[in-house]
Each structure stands twice: as structure tokens, then as C-alpha cells.
Amino acid sequence: MATLVQTIGFPILLVPLALLPSSKETSSTSSYTSFSTLALIYFLLGILLAGDDMLYSVGLLYLPASTYSLICATQLAFNAVFSYFLNSQKFTVLILNSVVVLTLSAALLAVNDESDGPEGVSKWKFAIGFISTVGASAFYSLLLSLMQLTFQKVLKKETFSVVLELQFYISLVASCVCVIGLFASGEWKTLHQEMEGFARGKGSYILTLVWTAICWQVCSVGVAGLVFIVSSLFSNVISTFALAVVPIASVIVLHDQMNGIKVISMLLALWGFASYTYQNYLDDVKARETLANADETCGNSSC
């Protein structure tokens, strides 16, 4: 159920899809070829998404929260590798600095976590949780890079509706896979017992699942949107940066205590985020100068 709830909220995307204008294909491929290509891409990405969510759930089940968070921080490094090979990401000193510093920031935050691990977890289950979380981090990074590749090479559209379409269809596929897994594993038999044992009752249990599913979809659309507008690496940078900023919300809302390690982690996160943002600024300035020079050259040659 923890895996299914991450994708099952996809029907809410029908509302913005109905409101946003449909975009025009810039690809010259025929409708049949385009449909078959899209169907294959959505299916493969959906399978990857379902497997990734499953691995994350297994890791969280068998690992202490600190160890789990520490391993998840490696997804930014995985993403850097995949972006280089799949998306032709150009690495500068500022981008490398951002990746390293943000990874250290998330790692510091994980080390600071004093929560205990699940009780009764054997070394074998711990190893399974460790391998699952490493695999999930790699799969998540691969998924983001493949999304960017799909936006650039296949889904050549001009409006944000392409993001919603991609998220809708891959979530549909992932949800179907998760439902099959739920029944195949026999876990569905324990759902009634789990609902009955919920402290605040059945109604609160259902509302918790519904709102969790909706929040997951909002988050997923935001992640995919950043991939569409900027890049997969930038999307992962924002996610890692948000992880380090969470303690501020915890202090304000939950009255959590702020210690030195959390402050250092947030400062490192700000440093890494500023480095990446400044590199984007430099790239934007360079692009504008190139465009201006091209227009000036064209004007001098009366083209």
C-alpha cells in the first residue's frame, strides 16, 4: 500500500489537463508511429516508476531513518552521472560544487537523525534494505534523466500539458503494476485489519491515504515540471535542497529543536543551491550575448 499510494492519485491530473490547452506536435512522425512510441515509453517509464517506489518502500521498512536518508542523498551523484551520459549535461566547477555540497548537506542531516531503526530486523533484512535503497536512488535518477530525454527527443510540445500527460500515463501504468503486486503478494488481505487498527478510525485512515496520494501527485508534477523546464539535474538539486530546509519548517510548525549540525546542513544547502543558480545565470547571460551577436551579424549582412 505504501508503494501504491505514491502513484494512485493520478486521476486528479484530469482536472488541469482539461483546463490547459493541448499542445501541437513538432515531430514529423506519423500518428501511428507516434502512438506506438509513446505507448512504449509510458509503459517502460511506468514500470521503472513502480519498481523505484517499491524499492524505496522496502528500504524504509528495513533501515533506520538516518541510514535510509543518508543513502537517498546519493541520488544526486547518480543523477549527475546519468545526466552526463544521457542528457549531455555540461559540468562546470560550480555545478560539481553544487552536487558535492548538497550531497554532504543531506548526509549531515541524515547523520544527525537520532531515530532508532525498526525492531527485530536481522542482518539479512538490513542488507536487503540497504541494497533496495541504493537501487531506488539509482533508478530515481535514471527515471529523471529518461524523462528529460523523452521531453527533448520525443514529446516535442510547447505547453506544460505535456508534463501532466507524461505523469498521468506513467502513474497509470505504475498503479496497475502495484495493484497486481498487492493482490499477488496477498497483502490486500491485511488492509481491513490495518484499517481497523488505525488509532483515529476508518474515516481518518481513508482520508490519510487520499491526501497522501494527492500530495504525492503534486510533488511528482513539480519534479517533472522542473525536468521539462530546466533539467533532470536541476530538479534533483531542488529536491535535495528542500530536504535540508525541512528542519526550518519543523522548528516553526512542530517546535522541533535546532542544533548546530542542522544549521551547518542548511548553510551547505544554501551554498550548493546558490552555486547552481549562479551557473544558470551565467549560462543565461552567455545565451543572450550569443543571440544578440547573431542578430547583429544578421543585421549587418542584411539577412
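## A friendly note on this helical chain

1. Let's start with a pair of helices: H4 and H6 meet in a right-handed crossing. Keep in mind as you read that this is a predicted model. Two packed helices are described by the angle between their axes and by the distance between those axes. For H4 and H6, the axes cross at roughly 35° and come within 8 Å. On the sequence, H4 covers residues 75-86, and H6 covers residues 123-153.

2. Which residues of H4 meet H6? They are Gln 75, Phe 78, Asn 79, Phe 82, Ser 83 and Leu 86. Their partners in H6 include Val 134, Ala 138, Tyr 140, Leu 144 and Leu 149, and also serines, among them Ser 137 and Ser 141. Sorted by class, this contact has 10 nonpolar and 6 polar residues, with no charged ones.

3. Now step back to the chain as a whole. It has 11 helices and 0 strands, so if you read along the sequence you will meet the pattern α-α-α-α-α-α-α-α-α-α-α. Of the 303 residues in the chain, 37% are buried. Look also at the contacts with a separation of 6 or more: residues 24 or more positions apart account for 85% of them.

4. Just after H4 there is a residue to look up, Ser 88. Ser 88 lies in the loop between H4 and helix H5, which spans residues 93-112. Its phi is near 55°, a positive value in a residue other than glycine. Is Ser 88 buried or exposed? Its relative accessibility is 59%, so Ser 88 counts as exposed, the cut-off being over 50%.

5. For a contrast, try Met 266, which lies in helix H11 (residues 260-300). Met 266 has a relative accessible area of 12%, so it is buried, a word used here for values under 20%. Along the chain, Met 266 and Ala 242 are 24 residues apart, and their C-alpha atoms are separated by 9.5 Å.

6. Next come the empty spaces. Rolling a probe the size of a water molecule over the atoms shows where such space is left. The largest pocket has a volume of about 1000 Å³. Its lining is made of 39 residues, and those nearest its centre are Tyr 56, Gln 75, Tyr 140, Trp 216 and Cys 219. You have met two of these names already: Gln 75 and Tyr 140 also take part in the contact of H4 with H6.

7. Which helix gives the largest share of that lining? It is H9, with 9 residues. H2, H3, H6, H7, H9 and H10 each supply at least two residues. By class, the lining of the largest pocket has 25 nonpolar, 12 polar and 2 charged residues.

8. The second largest pocket holds about 520 Å³ of space and is lined by 24 residues. Nearest its centre lie Met 1, Ala 2, Thr 3, Ser 57 and Glu 187. Here the largest share of the lining, 8 residues, comes from H2. H2, H7 and H9 each supply at least two residues. The classes in this lining are 15 nonpolar, 7 polar and 2 charged.

Technical notes: Residues are numbered from 1 along each chain as its sequence is written. This is a predicted model: local features need pLDDT of at least 70, side-chain atom pairs count only at pLDDT 80 or more; totals for chains, interfaces and linings use all residues. Side-chain values use heavy atoms; hydrogens and water are left out. Helices (H or I, at least four residues) and strands (E, at least two) are DSSP runs, numbered from the N terminus. Buried means under 20% relative accessible area, exposed over 50%, partly exposed in between (1.4 Å probe, protein chains only). Axes are lines fitted to C-alpha atoms, for helices over the stretch in contact, and angles run from 0 to 180 degrees between N-to-C directions. A crossing is left-handed if the near helix is turned anticlockwise from the far one by less than a right angle, and right-handed if clockwise. Contact means heavy atoms within 4.5 Å. Ala, Val, Leu, Ile, Met, Phe, Trp, Tyr, Cys and Pro count as nonpolar, Asp, Glu, Lys and Arg as charged, and the others, Gly among them, as polar. On a 1 Å grid over the protein atoms alone, a cavity is a set of points where a 1.4 Å probe fits but cannot get out, and a pocket is an open set with protein on both sides within 12 Å along at least five of seven lines; lining residues have an atom within 4 Å of a point. Grid points are joined across faces, edges and corners, and a volume is the space filled by probe spheres set on the points.
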